[in-house]
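This report describes one protein model, going from a helix to the strands and then to a metal site. The sequence and the structure come before the details.

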Amino acid sequence: MPELPEVEVVRRGLERHIVGASIDSVDILHPRAIRRHLPGAADLTGQLTGERIASADRRGKYLWLVLEPSTVALVVHLGMSGQMLVQPPELPTEKHLRIRARLDSGLDLRFVDQRTFGGWALAPLVEVDGSLVPDSVAHIARDPLDPRFDLAATVKVVRGKHTEIKRALLDQTVVSGIGNIYADEALWRAQIHGNRLTDRLSGPKIRELLTAAQDVMREALTQGGTSFDALYVNVNGESGYFDRSLSAYGQEDRPCPRCGTAIRREKFMNRSSFSCPKCQPAPRRSPAK
Ligand SMILES: [Zn+2]
């Protein structure tokens, strides 16, 4: 599943290669890829045809294109294995090609998705807190890479919760775009166990944690994104960058880069958490449910 830096890499690729182009025609090759667009295939192709791609935008892991003159959003769900490929039309059709849009720039915009958990859907844009977002994204908080992300306000929201700090980091209504990998890496950097309670952490400590999340995501972005999914391919069809520099996530039994203690793996919210037993001691009492 792509995390925020991977989605941002895709967004930048789309911004560079298709913004400004108009959609000449659309072929929907698999109905499952447009199941989120409830009015159906004919409606989607009808609404897209003739529209100009005005911008490629993102919040958290949500990605969308703003279309003109209709000013609706084409929301792109990457799902587990979705790819947005910008290619010359003469290139052979991919085995898992689900949607193909012909652009007036002479290129194809292709949505390829092996498992077809992803897809395209149109959504109206709504204004939330001074920004235009698709209505399906209106409940999502700004992410740590958003230029208008308010660190101080987010620290307050986190402190006001009575929950485990990792749960708060993963809560998309508190701060968006932090998945399991970046949560574990940020917690390791700030030396906090994910089960510690938010209201037992100081403001400066939470600030340090959110800043660590920002840093680790920015670093991943400069490396082209982190992905453990071999199916993930960026906008030009190159393989996603496999980050070898993770300190905690996926590092069970390997030495902590800070102190040498073996990284442990624990269950959390039906997934795995990775942390250093020495740098990130578990809270004494098990937290309230
Ligand atoms: Zn350590």
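## Helix 6 and its surroundings

Helix 6 is built from 20 residues and spans 29 Å from its first C-alpha to its last, close to the 28 Å expected at 1.5 Å a residue. The model is a predicted one. Among the buried residues of helix 6 are Gly 203, Ile 206, Leu 209, Leu 210, Ala 212 and Ala 213. Further along, the buried set includes Gln 214, Val 216, Met 217, Ala 220 and Leu 221. What do the buried residues of helix 6 pack against? Their partners are helix 1 (4-17), helix 3 (151-159), helix 4 (165-170) and helix 5 (180-190).

Glu 208 also belongs to helix 6. Its relative accessible area is 38%, and a residue counts as buried only under 20% and as exposed only over 50%, so Glu 208 is classed as partly exposed. With its neighbours within four places in sequence set aside, Glu 208 is in contact with Arg 189 and Ala 190. Between Glu 208 and Gly 60 there are 20 Å in space, C-alpha to C-alpha, and the two are 148 residues apart in sequence.

Another glutamate, Glu 164, sits in the loop between helix 3 and helix 4. Is Glu 164 buried or exposed? Its relative accessible area is 9%, so Glu 164 is buried. Glu 164 is 45 residues from Gly 119 in sequence, and their C-alpha atoms are 33 Å apart in space.

## Paired strands

The table lists four antiparallel pairings together with one pair of opposed residues in each.

| Strands | Bridges | Opposed residues |
|---|---|---|
| Strand 3 (residues 62-68) and strand 4 | five, antiparallel | Leu 67 and Val 72 |
| Strand 4 and strand 8 (residues 119-128) | six, antiparallel | Val 76 and Trp 120 |
| Strand 5 (residues 82-87) and strand 7 | six, antiparallel | Gln 87 and Asp 108 |
| Strand 6 (residues 97-103) and strand 7 | five, antiparallel | Leu 97 and Val 112 |

Strand 7 pairs with strand 5 and with strand 6. In strand 7 (residues 108-113), six of the six residues are buried, so the rest of the structure largely encloses this strand. Both of its faces are covered. On one side the buried residues are Asp 108, Arg 110 and Val 112, and on the other they are Leu 109, Phe 111 and Asp 113. Strand 6 and strand 7 form a hairpin with four residues between the strands, where Gly 106 takes a positive phi near 90°.

Strand 4 likewise has two antiparallel partners, strand 3 and strand 8. How many of the six residues of strand 4 (residues 72-77) are buried? Five are, so strand 4 is largely enclosed by the rest of the structure. The hairpin of strand 3 and strand 4 has three residues between the strands, and Thr 71 in its turn has a positive phi of about 50°.

## The zinc site and an aromatic pair

Four cysteines coordinate the zinc ion through their SG atoms: Cys 256, Cys 259, Cys 276 and Cys 279, at 2.2 to 2.4 Å. Why does the arrangement count as tetrahedral? The four donor atoms subtend angles of 98 to 117° around the zinc ion, and four donors count as tetrahedral if all angles lie between 85 and 135 degrees. For comparison, the ideal angle for four tetrahedral donors is 109.5 degrees.

The donor residues follow the spacing C-x2-C-x16-C-x2-C in sequence. Cys 256 is in the loop between helix 6 (203-222) and strand 10 (264-268), while Cys 279 is in the segment after strand 11 (271-275), so the pair ties together parts that are 23 residues apart in sequence. Cys 256 and Cys 279 are both buried.

The structure holds two aromatic pairs. One of them is formed by Tyr 249 and Phe 274, in an edge-to-face arrangement with 5.2 Å centre to centre and 75° between the planes. This pair links distant parts of the chain, with Tyr 249 in the loop between helix 6 and strand 10 and Phe 274 in strand 11, 25 residues apart. Tyr 249 and Phe 274 are both buried.

Key: Residues numbered from 1 in each chain as written. Predicted model: local features only at pLDDT ≥ 70, side-chain atom pairs only at ≥ 80, totals over all residues. Heavy atoms only, no water. Donors = N, O, S within 2.8 Å, 3.2 Å for Na, K, Ca; no water. Tetrahedral: all angles 85-135°; square planar, octahedral: opposite > 155°, others 65-115°. Buried < 20%, exposed > 50% of the residue type's maximum accessible area, 1.4 Å probe, protein only. Contact = heavy atoms within 4.5 Å. Pairing = 2+ DSSP bridges. Expected span 1.5 Å × (residues − 1). Phe/Tyr/Trp six-rings, centres within 6.5 Å; stacked < 30°, edge-to-face > 60°.
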